[in-house]
Amino acid sequence: ELVAQAEEYIEGVESLPVAPVLDQAKLQQLLDTFSFDDPGTPIDVLRRFTGELKKHQVHTPHPSYFGLFNPAPSFMGIIGDSITATLNPQLAGWSHSPLAVETERRLIEAFAEKLGLARDETDGCMTSGGAEANLTALLCALVDRWPGVLDQGLQSIGARPVFYASSESHHSFLKAARTAGLGAAALHLIPATDKLTMDVALLRMAIEEDRELGYEPFLIVGTAGTTGAGVVDPLAELADIARANRLWFHVDAAWGGPAILVPELRPVLAGIENADSITLDPHKQLSVPMGAGMFMTRRRGILGKTFSVSTTYMPKEAERLAVADPFVHSLQWSRRFIGLKLFMTLATVGWAGYSAILRHQAEMGDLLRDRLRANGWTIVNQTRLPVVCFTPSDQTWDMATHQRVSDAVVKSGSAWISTILLGGSVPALRACITNYRTQPEHIEKLVTALTKARELN
Ligand SMILES: *Cc1c(COP(=O)(O)O)cnc(C)c1O
């Protein structure tokens, strides 16, 4: 039944409306039909619940989902996650699931090497996603600079630590600053240029001024593929500034990182090889099911330093073998085999397969830009990656008008797009190619839906 359900969905998703009608009361009534006092049979619950779930979600695997960074999951990724659920390997300690732990290590090393970090220098861990990887980066940078915080906390620093990211960076850094106890005010957002990348001149000034004011800068975050517009900060320059100021340099390549696998897109990430640490989310451009993130660092030893604890109850084999137990190497304790869905996909499509998929998605992005321009839209972001932000060529719309048009497209069920406020001031429509099955016909359908929605507004 499970296989039948999965097959039907994968083959039939395109015939479903991309987005559901939202009706919370109806969902509550629906849940009332599943009684915990009077349980149903497995087949009934499986069929009924899966059937309902298909009616009540945005279908991110739909080729007309031009949305946030959610992919269509790869077939072998689905298989991998199913095996993980079935065998339920515990990756907290090496000895409970040594092959799984070694598999994740192999993936980390392979991707780190592609990104330009030397294989024998790299370390890392799989995470639930980009937010955890970014928090990991913040903690590592903090501990690297002030090892005393591990025992004595932030007050032992005797200064006010600050770090930098662009105003277009992901809000997970705000949460990371709060979670680490630094407070949101420790994140100094550097304004973006009109290209929506971090203004490096302003960054240099901010570091200098902050030092004069008694702050202690410790970290620069560059974004490789912003969530709003898919643009990449000037990573090489940021690396130079970080080195000159002896600051940790982290690159948040959660979405954009896989561009490294496509020769003609690789230059977009120039400078990433100088990062102290990198975030990359396989559950975005590498098309594996959620959740799968990666944290990679060239600072061997920093993860062990940041997360080490010693217990009497955890297995000890790893100590004798001098391999890292994941539970003393990352934020998580009990740990799912996050890497299997990526491993199964990579081991079957290879680097060449990923490269072809990513190239296809970039080409669909270029096609969308062309077709939009030919139909009275102006592209307002500059990137080679497949995020397209656009607005009408012949008139100025406020955010509310963009939102109405976006809503009309979503409501039509033919596609999912969204709106974005770029640089804090430029409203636009946003469409991202997230699906390896998106073809020219889907691009054409989107452009038609946009024309229709525009005429009605
Ligand atoms: C998606 C994203 C994140 C957050 O990652 P999650 O996997 O959602 O936790 C962080 N930074 C960037 C640039 C992202 O695109």
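These legends accompany several close-up views of one predicted protein model.

Because the model is predicted, local features need pLDDT of at least 70 and side-chain atom pairs count only at pLDDT 80 or more, while totals for chains, interfaces and linings use all residues. Residues are numbered from 1 along each chain as its sequence is written, and side-chain values use heavy atoms, with hydrogens and water left out.

**View 1. The whole fold, with 15 helices and 11 strands.**
Helices (H or I, at least four residues) and strands (E, at least two) are DSSP runs, numbered from the N terminus. The C-alpha trace spans about 60 × 60 × 45 Å along its principal axes. The radius of gyration is 23 Å, which agrees with the value near 23 Å expected for a compact globule of 457 residues. That radius is taken over C-alpha atoms, and the globule rule is 2.2 Å times the number of residues to the power 0.38. Of the 457 residues, 52% count as buried. Buried means under 20% relative accessible area, exposed over 50%, and partly exposed in between (1.4 Å probe, protein chains only). Among contacts with a separation of 6 or more, 72% come from residues 24 or more positions apart. A contact means heavy atoms within 4.5 Å.

**View 2. The surface and its charges.**
The accessible surface comes to about 20,700 Å². Carbon and sulfur atoms hold 56% of that surface. Areas come from the Shrake-Rupley method with a 1.4 Å probe; for residues, only the protein chains shown count as cover. There are 41 positive and 50 negative side chains. Lys and Arg count as positive, Asp and Glu as negative; His and the chain ends are not counted. The centres of the two sets lie 1 Å apart. Each charge is placed at NZ of Lys, CZ of Arg, CG of Asp or CD of Glu.

**View 3. Two buried cysteines, C140 and C389.**
The whole structure holds 0 disulfides. C140 is in no disulfide; its nearest cysteine sulfur, that of C125, is 7.6 Å away. A disulfide is a pair of cysteine sulfur atoms within 2.5 Å. C140 counts as buried because its relative accessibility is 0%. For C389, the closest cysteine sulfur is in C432, at 9.2 Å, too far for a bond. C389 is also buried, with a relative accessible area of 0%.

**View 4. Q5 in helix α1.**
Helix α1 covers residues 2-12. Q5 has 10% relative accessibility, so it counts as buried. Setting aside residues up to four places away in sequence, Q5 touches L46, R47, T50 and K54.

**View 5. A180 in the loop between α8 and β3.**
The loop runs between α8 (172-179) and β3 (187-190). A180 is buried at 17% relative accessible area. Not counting residues up to four places away in sequence, A180 touches L138, L139 and L154. R145 is 35 residues from A180 along the chain, and their C-alpha atoms are separated by 14 Å.

**View 6. L346 in helix α13.**
Helix α13 spans residues 340-373. L346 counts as buried because its relative accessibility is 13%. Leaving aside neighbours within four places in sequence, L346 is in contact with L107, F111, W351 and Y354. L346 and V13 are 333 residues apart in sequence and 24 Å apart in space, C-alpha to C-alpha.

**View 7. E121 in the loop between α5 and β1.**
Strand β1 covers residues 123-127. E121 is partly exposed, at 35% relative accessibility. Not counting residues up to four places away in sequence, E121 touches T297, R298 and R300. The C-alpha atoms of E121 and D23 are separated by 52 Å, with their positions 98 residues apart along the chain.

**View 8. Backbone geometry at G291, N88 and R246.**
A cis peptide bond joins M290 and G291, with omega about -10 degrees. G291 sits in the loop between β6 (277-280) and β7 (293-297). N88 has a positive phi, near 45 degrees, and is a residue other than glycine. N88 lies between α4 (75-87) and α5 (98-114), in the loop. N88 is exposed, with a relative accessible area of 60%. R246, likewise a residue other than glycine, has a positive phi near 55 degrees. The loop holding R246 lies between α10 (235-244) and β5 (248-252). R246 is exposed at 76% relative accessible area.
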